[in-house]
Amino acid sequence: MRLRSWKARSKRALVAAALTTTVVTGTAGWALGNEQQPLTGPPPGTASWRADHALGLRLPDPATASPARVAAFFRSLSNARRQELVASHPSVVGNLDGVPAPLRYEANSLALKAERAREQARSTDPDLTLQDHERARSLVTRYTELLTPGRQILAFDPRGRGQVAEVYGDLASAEHVSVVVPGSDIDLSTFDRTNDEYGTPAGMGRALRAATDRRTAVVAWVGYTTPVGIGPDAASGRLAAAGAPRLARFVQGLTAVGTPRPSVFCHSYGSVVCGLAAPKLPAADLVVLGSPGMRADSVADLHTTARVWAAKDDSDWIGKVPNVELFGLGHGADPTAADFGARRVPAEQAEGHTGYFAPGTDSLRAFARIADADPSTAGARPTGERT
């Protein structure tokens with residue numbers, strides 16, 4: 001009897017893991033997932049940065065220097081020398097965590113203009129295929145949009161599917177800062193798509209910024225390779241494990257230049273990234289929404305000093321995903337479960353998997369209070385804890 005019972009439990013677990021593989025995804029699409037190769041390592045242009053001795057200084061190595069070390073180095077430079085580095089190495093300066101935000105904006109503007117010129121030339125190259133011409137024209141349009149006056153691009157990397165981060169508000173004067181981490185199917189091309197607006201990091205960031213008081217700045221961060229569609233990438237932690245150090249370093253870079261410890265909002269597969277990054281993430285609050293799991297059994301397993309919050313509306317299909325982790329598939333316990341220990345965010349008015357940041361919802365109002373460090377959230381208790 002015991003053997004049959006063990007076999008039955010094992011079979012259920014295997015079925016759950018298989019279902020997880022079929023169902024778990026991020027923000028959109030139901031197409032069969034394509035395996036992605038994560039983008040890792042230092043920013044583009046690092047080799048020329050390392051070889052540059054024109055300033056008579058040893059530049060911090062982008063692969064090994066901590067954000068605190070980078071911040072200290074840039075504080076030691078005159079404005080003229082900072083501008084020399086921006087002009088000579090825009091791709092490094094624009095993506096190097098610990099560099100002051102205004103310099104990163106300026107550097108990324110230069111990098112975007114250079115990439116746009118390159119793609120414009122490719123779009124008329126007679127040796128390229130029609131498909132390559134179409135892709136080049138699409139990228140020209142994309143880069144032109146990102147270069148719209150007033151946009152603050154804090155990171156830009158054209159490699160692979162492309163990565164980007166944008167700031168809403170003024171990081172330099174903000175009393176509070178939030179970072180939005182998206183789930184699957186998000187890259188340079190879908191960062192601010194017009195359909196399913198509040199399922200995009202740009203839409204989430206703008207909505208959160210609008211709902212907060214004007215003392216809060218929001219960063220929409222796409223700095224890791226996300227899964228595409230449904231498949232093993234979405235059900236495994238492989239891409240999240242590659243993205244977690246990048247997220248931790250990015251947030252460390254913010255605090256290294258003097259911004260407050262941020263509230264980090266993690267949607268869907270992004271919550272897996274946040275869960276793995278949590279021990280090294282200098283966050284005040286960690287908020288997960290539509291989460292398939294954080295690769296942890298409880299808040300204690302996250303090894304974070306941040307307050308942990310969780311939201312899931314009843315109409316979100318993520319609720320049908322089994323909360324298992326077996327043979328590397330699935331992401332573990334449901335963060336909204338009482339025994340996980342997170343503070344529960346109301347989400348009765350949110351609709352579906354991408355409705356949490358929709359204006360007028362109880363979830364967005366709660367997010368705004370967390371982002372603003374509203375005193376009313378100070379007494380919030382973990383789900384299931386007695387008052």
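**Exercise 1. Sort the residues lining the largest pocket by class, then place that lining in the fold.**

*Solution.* Start with the classes: the lining of the largest pocket has 15 nonpolar, six polar and seven charged residues. Here Ala, Val, Leu, Ile, Met, Phe, Trp, Tyr, Cys and Pro count as nonpolar, Asp, Glu, Lys and Arg as charged, and the others, Gly among them, as polar.

A word on the model before we go on. It is predicted, so local features need pLDDT of at least 70 and side-chain atom pairs count only at pLDDT 80 or more, while totals for chains, interfaces and linings use all residues. Residues are numbered from 1 along each chain as its sequence is written, and side-chain values use heavy atoms, with hydrogens and water left out.

Next, the volume: the largest pocket holds about 470 Å³ of space. Of its 28 lining residues, Gly41, Asn95, Asp97, Arg246 and Arg249 are the closest to the centre. Two or more lining residues come from each of strand 1 (152-157), strand 2 (163-168), strand 4 (216-222) and helix 10 (238-256). Helix 10 gives the largest share, seven residues.

The terms work as follows. On a 1 Å grid over the protein atoms alone, a pocket is an open set of points where a 1.4 Å probe fits, with protein on both sides within 12 Å along at least five of seven lines; lining residues have an atom within 4 Å of a point. Grid points are joined across faces, edges and corners, and the volume is the space filled by probe spheres set on the points. Helices (H or I, at least four residues) and strands (E, at least two) are DSSP runs, numbered from the N terminus.

**Exercise 2. Trace the sheet from edge to edge, then follow the pairing through strand 5.**

*Solution.* The sheet is open, has eight strands in the order 1-2-4-3-5-6-7-8, and shows mixed pairing. Strand 1 and strand 8 (343-344) are the edges: each has a single partner strand, so one side of each lacks a neighbour in the sheet. Two strands pair if DSSP finds at least two bridges between them.

Now step across the sheet:

- Strand 3 and strand 5 run parallel, joined by four bridges; Val179 has Val264 of strand 5 as its bridge partner.
- Strand 5 and strand 6 are also parallel, with five bridges; Phe265 stands opposite Val287 in strand 6.
- Strand 6 and strand 7 run parallel over five bridges, and Val287 stands opposite Trp309 in strand 7.

Finally, check the cover on strand 5. Ser263, Phe265 and His267 on one side and Val264 and Cys266 on the other are all buried, where buried means under 20% relative accessible area, exposed over 50%, and partly exposed in between (1.4 Å probe, protein chains only). Five of the five residues of strand 5 are buried, so the strand is largely enclosed by the rest of the structure.

**Exercise 3. Find the disulfide and describe its surroundings.**

*Solution.* A disulfide is a pair of cysteine sulfur atoms within 2.5 Å, and the count by this rule is one. The bond joins Cys266 to Cys274, with S to S at 2.1 Å. The angle about the S-S bond is -95 degrees, which makes the link left-handed. Cys266 and Cys274 are both buried.

Cys274 is among the buried residues of helix 11, as are Tyr269 and Ala277. Eight of the nine residues of this helix are buried, so helix 11 is largely enclosed by the rest of the structure. Its buried residues pack against strand 3, helix 9 (232-235), helix 10, strand 5 and strand 6.

Ser268 sits in the loop between strand 5 (263-267) and helix 11 (269-277). Its phi is positive, near 55 degrees, in a residue other than glycine. Ser268 is buried, with a relative accessible area of 0%.

**Exercise 4. Is Asp196 buried or partly exposed, and how does Ala296 fare?**

*Solution.* Asp196 lies in the loop between strand 3 (176-181) and helix 8 (201-211). Although not a glycine, Asp196 has a positive phi of about 55 degrees. Asp196 is partly exposed, at 32% relative accessible area.

Ala296 belongs to the loop between strand 6 (285-289) and strand 7 (307-311). With a relative accessible area of 7%, Ala296 is buried. Leaving aside neighbours within four places in sequence, Ala296 is in contact (heavy atoms within 4.5 Å) with Asp301, Leu302, His331, Ala333 and Phe340.
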